[in-house]
Amino acid sequence: MRNKKIIFILLIAMLTTLFPIQVLADVVTADTVYMNGNIYTVDENFSKVEAIAIKGQYIIGTGSKTEVEKFVGPSTQVIDLQGKTVIPGLIEGHMHYPGEGQKLIKLDVFWKPKDVILAAVKAEADRLPDGEWITGGGWNQEVWDIPEFPTKEDLDSVAPNNPVALKRTCGHATWVNSLALKLGEITKDTPNPQGGEILKDANGEPTGILTDTAAAFVNSKIPPLTEERKKEALLLAQEELFSYGLTTSMDAGSGVEDIQQMKDLYESGDLKIRLYVMVDSGPDAEAYYEKGPEVGLYDNRLTMNCIKFYTDGSLGARSAWMLEEYSDRAGHFGNSRHTYDEFYELIKAARDNGFQVATHAIGDAANKQVVDIYEKVLSENPLEDHRYRIEHFQVATLEDIQRIADLGIIPAMQSVHATSDKNMAEDRVGSERIKGAYAWRKVLNTGNIIVNGSDANVELVNPYHGLYAAVTRAGRDGEPVGGWYPEECMTREEALRSFTIWAAYGQFEDKIKGSLEEGKLADFVVIDRDYMTCPSSDIKDILPLTTVVGGEVVYTKDNSNVTVVFQGDKMVFDSAPVLENGTTYVLAKNLFVSLGVEFTYDEVNNKYYVNNGNSKIEIDAKDGVYVPLRAAAESLGYKINWYQSSMSVSIGK
């Protein structure tokens, strides 16, 4: 018996040495446990669980309520999800992170009517002293009544004394006024640079549209933001992404200066989002070739392990590089950025220095060049797990769709691009080439994956727009009914994987995030409806309730007022909606303007009317200002859904 006691004591001593008592306790005691949830783990089997246990930044257990209760200790915070749906923290697989933040402090003209844009520019010109730049972006001529490129004269009429530069929504065309052209020293005699075009009229005069590299003439004259403003923008972007349940962002191209500002904010504890940064090619890439990749800094929040390249422009600007001429511009093939040999040397240098590569390629000629050179570099200097990427892979030959699967090349395809571009894409490429455009199903059927994202600030960053587009192939207005080339749709499971585990794989981080499994980072979002079972039309309207990064709650929805969502966007009211006796009242003018209908007041009869184009409908306006939301919307043929957990109303068809 005495020998057994000695052996037992020695065994305890050995275990205590190898595994200190505190560590043994940590294994079984969670900091936080979320119970009674509808939790989609997005693991290999796409399994569901009821509960999740967290210790520090990591998940230490998932399963049924009974299975996870063992992790609850005296100091464990237990949170009752009350049946709410949880999905892994969404990963923005391709966006321009600093640009999204800077958009929030510049002139935002995203998809606005031309007259509204010009009015906004005029207001800025009236506010600013002569000579100060007006910058912003987001215009899209394809949604205007006359879908044609604007001109310098349009801007001259509202801002003759301020240089103006507004980027198109794609980021590959810039609309400038005469003063900006003068400062950029652009005349009728200025030749087009490699990879760009100065659009000119019949007399050879610049029209005010500069595509791709041609915009550099003007961009070089715009004073940069101060460091303080740039850091402010980085934090604004974080706040916005957290509010959508995005816990990681792939930043598609930043320089050494941007990265240092990110590091400063991580050092101060202000930046908490996870960033996988593609380093810009050129001098910034050369600087990183000297130092090598930086992986998992600040508790797996910042990584620089990839170099970003460009081979062409965009379809909307007709600067995407095509194998055959544009169907709507004879003799024009778009703009290539590099010769074959130039691009080969760029990719070879990245491979020699141990970096992943990602290349912007939209046209089929651009995509073919990328695939050819990736294949050549990897055959000369093999790398089994390279995870080379093509950003956008928007228009490709059917042969190249199969080739990228065979070569292990990952396409990062933003599903919202298809639904944004559907009103012009086939005009650009014709009925035959469109078969290889935005072809998600063809890509997936080869056995490949898709990394999804928004390409913000090119598009709105809201990931539920992307999930909705992936599943329906319809615009946020529900058009076309049944979807645009619906045979290319993703399933809901595939779409969610494209924003989680597949996106994590695309940045070598699928072992630590992208799914809710033991040992992975506790990054997740609680949403207000079941993504997998709600009507597909509701996916775009999903609202996050809570966002968690590394076990820390970084966003909680404010439910003090009712949120009204129309076509996936929150409506803005001059005064907050009022909830009274179960009825939501909203400002009539704001509501009807947002819905695109005429709203008038008959002073003689003291009545309010809306004209929906077919008939005049009398509206009961509370206190002459507010209308009951449900009654007003339903009178115009809209449906209303109420979500108690998010105190929100969705308006749809």
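Start by selecting S243. Leaving aside neighbours within four places in sequence, this serine is in contact with P544 and Y555. The model on screen is a predicted one. S243 sits in helix 9, which covers residues 227–243. Its relative accessible area is 17%, and because buried means under 20%, S243 counts as buried.

**The whole chain**

Zoom out to the full protein chain. The chain has 23 helices and 34 strands. Along its principal axes, the C-alpha trace spans about 105 × 75 × 50 Å. How does the radius of gyration compare with that of a compact globule? For 653 residues a compact globule would have a radius near 26 Å, and the protein chain has 27 Å, which agrees.

Colour by burial next. Of the 653 residues, 56% count as buried. The chain exposes about 27,500 Å², and carbon and sulfur atoms supply 50% of that area. Among contacts with a separation of 6 or more, 69% are between residues 24 or more positions apart.

Now show the charges. There are 64 positive and 96 negative charges in the protein chain, and their mean positions are 4 Å apart.

**The nonpolar cores**

Select Y97, L275, L315, I347, I390 and Y531. In the largest nonpolar core, which has 98 residues, these six touch the most other members. Which helix gives the most to this core? It is helix 14, residues 364–380, with seven residues.

Apart from this core lies another, of 27 residues. To find that second core, select V586, V610, I619 and I651, which are among its members.

Go back to Y97 and display its surroundings. Setting aside neighbours within four places in sequence, Y97 is in contact with L234, A237, Q238, L241, S249, D251, L271, I273 and L275.

**L302 and its neighbours**

L302 is the next stop, in strand 18, residues 302–310. With a relative accessibility of 0%, L302 counts as buried. Not counting residues up to four places away in sequence, L302 touches M262, K263, Y266, L275, V277, E294, V295, G296 and L297. L275 therefore appears in the contact lists of L302 and of Y97.

Then add E69 to the selection and draw a distance between the C-alpha atoms. L302 and E69 are 233 residues apart along the chain, and their C-alpha atoms are separated by 33 Å.

**Helix 17**

Select residues 425–433, which form helix 17. Which of its residues are buried? They are A425, R428, V429, G430 and R433. The buried residues of helix 17 pack against helix 14 and against helix 16, residues 415–421. For the spacing along such a helix, a general point helps. An α-helix has 3.6 residues a turn, so residues three or four places apart point the same way.

**D385, after helix 14**

Move to D385, in the loop between helix 14 and strand 20. Is D385 buried or partly exposed? Its relative accessibility is 38%, and it counts as partly exposed. D385 touches Y505 and F508, not counting residues up to four places away in sequence. Draw a second distance here, from D385 to Q356. These two residues are 29 residues apart along the chain, with their C-alpha atoms separated by 9.8 Å.

**Two positive phi angles**

Where is F393? F393 lies in the loop between strand 20, residues 389–392, and helix 15, residues 398–407. Its phi is near 40°, a positive value in a residue other than glycine. F393 is buried, with a relative accessible area of 1%.

The other stop of this kind is M647, whose phi is near 45°, again positive in a residue that is not glycine. M647 is found in the loop between strand 33, residues 639–643, and strand 34, residues 648–652. At 15% relative accessibility, M647 counts as buried.

**Two cis peptide bonds**

End with the backbone. Select A456 and N457, which are joined by a cis peptide bond with omega about 15°. N457 is in the loop between helix 18, residues 440–445, and helix 19, residues 463–472.

Then select E479 and P480. A cis peptide bond joins these two as well, with omega about -10°. P480 lies in the loop between helix 19 and helix 20, the latter covering residues 492–498.

Key: Residues numbered from 1 in each chain as written. Predicted model: local features only at pLDDT ≥ 70, side-chain atom pairs only at ≥ 80, totals over all residues. Heavy atoms only, no water. Helix = DSSP H or I, 4+ residues; strand = E, 2+ residues; numbered from the N terminus. Buried < 20%, exposed > 50% of the residue type's maximum accessible area, 1.4 Å probe, protein only. Contact = heavy atoms within 4.5 Å. Rg over C-alpha atoms; globule rule 2.2 N^0.38 Å. Areas by Shrake-Rupley, 256 points an atom, 1.4 Å probe, with all protein chains shown as cover. Lys, Arg positive; Asp, Glu negative; His and termini not counted. Charge placed at Lys NZ, Arg CZ, Asp CG, Glu CD. Core = buried A, V, L, I, M, F, W, Y, C linked by side-chain atoms within 4.5 Å.
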